[in-house]
Amino acid sequence: MPPSEPLERRIWVDGRLVPWDGATVHVLSHSHQRGSLVFDFMSVRETARGAAVFRLGDHLARFRRSVELVGLPLHAAEGELREAIRATVRANPGATAVKISAYLPSIEVDVVPADDRVEVAIAAYDPERDVLARKTHVRVAPRRPELRVRLDRQRVKVQPEAIPPQAKVAANYLGPMIAKWEARRAGFDEVLLLDAEGFVSEGPTTNVFLVDAEGALRTPPAGSILEGITRGSLLAIAKHDGLAVREGPVRPEALFEAEEVFLTGTTAGVWPVVQIDGRPVGEGRPGPVADRLRRRLDEVTHGRDPAFAHWLTWVED
Ligand code: PMP
């Protein structure tokens with residue numbers, strides 16, 4: 001389909017499937033002006049039994065937690081949202097991802113909305129095909145298979161006392177956006193940020209892992225990070241496979257001493273880092289642990305490992 005034609009996808013908005021282009025809010029809406037939109041993002045994979053959402057219950061639990069941390073009065077029950085997500089994926093064949101958003105569509109004056117009605121939207125789509133491939137009028141930076149990363153020592157990821165990092169809320173992405181945009185302009189692909197104590201925290205939309213000299217997998221602890229579903233899945237898979245794993249504070253220097261470093265996330269999967277601040281990581285090429293975990297995660301999300309079949313929610317009855 002030529003990109004100039006409307007995208008034939010439908011988005012679930014408060015119980016109705018509306019055309020992709022019709023799922024809009026006003027420019028003066030509270031969510032748009034104050035960054036108060038809460039969201040979650042999950043993957044959909046084809047399995048032998050049809051399309052399945054990966055760890056739907058865990059994503060919905062995290063979504064609920066974000067909603068509560070921000071204080072949005074959302075009353076929809078978990079079962080209702082779960083069925084809405086399954087129906088939206090069924091209505092959008094070929095979708096590889098689901099984004100669920102809760103937001104205040106009302107036009108407001110104060111930071112606390114007078115009209116606090118929360119709207120929920122669920123989009124099931126393919127980010128590559130439905131979004132990036134259609135941007136023919138602008139240059140889209142290619143997604144590199146191997147990352148050259150800047151470690152930003154100036155900024156901290158978030159101040160947990162100001163906005164909890166566990167909240168997936170639009171406002172939490174502004175600091176990381178500024179840092180990543182600067183890094184991009186300086187020729188890097190990605191940025192890693194520190195926490196308020198100077199330990200490694202995470203990337204703008206990814207968690208970070210390293211493989212140390214003893215071959216153990218290490219990742220920063222919950223607390224200053226968003227607890228990624230991919231992070232949790234990889235920790236569980238690694239333990240299941242007998243790998244040594246350690247969740248604990250990571251000094252910036254540990255990244256430079258590591259055998260391997262990689263980033264993880266629903267979009268990224270497992271993404272090897274080959275350079276940090278211009279210095280090679282390990283041998284300067286993707287390592288075997290990242291490669292193995294990437295393939296394991298693929299097996300699990302596609303329903304090819306019965307040990308983790310409980311993480312899949314099939315969309316067909
Ligand atoms: N950290 C942040 C700040 C994120 O936005 C994301 C993406 N949701 C992640 C980590 C990775 O989380 P997940 O594995 O659940 O996609």
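**View 1. Helix 8 lies across strand 3 (38-47), strand 4 (50-54) and strand 16.** Helix 8 runs at about 120 degrees to strand 4; such angles, from 0 to 180 degrees, are taken between N-to-C directions of axes fitted to C-alpha atoms, for helices over the stretch in contact, and contact means heavy atoms within 4.5 Å. Helices (H or I, at least four residues) and strands (E, at least two) are DSSP runs numbered from the N terminus. Keep in mind that this is a predicted model, where local features need pLDDT of at least 70, side-chain atom pairs count only at pLDDT 80 or more, and totals for chains, interfaces and linings use all residues. Residues are numbered from 1 along each chain as its sequence is written, and side-chain values use heavy atoms, with hydrogens and water left out.

**View 2. Here are the buried residues of helix 8 (288-301).** Look for Val 289, Ala 290, Leu 293, Arg 296, Leu 297, Val 300 and Thr 301, which are buried (under 20% relative accessible area, 1.4 Å probe, protein chains only). They cover an arc of only 130 degrees around the axis, so they sit on the same side of helix 8; the arc is that of the directions from the helix axis to the C-beta atoms. After helix 8 comes Gly 303, with a positive phi near 75 degrees.

**View 3. Seven strands form an open sheet with antiparallel pairing.** Their order is 2-1-6-5-3-4-16, and two strands pair if DSSP finds at least two bridges between them. Strand 2 (16-19) and strand 16 (312-314) each have a single partner strand, so one side of each lacks a neighbour in the sheet.

**View 4. Strand 1 (10-13) pairs with strand 2 over four bridges.** The pairing is antiparallel, and Arg 10 stands opposite Pro 19 in strand 2.

Terms used: Expected span 1.5 Å × (residues − 1). Buried < 20%, exposed > 50% of the residue type's maximum accessible area, 1.4 Å probe, protein only.
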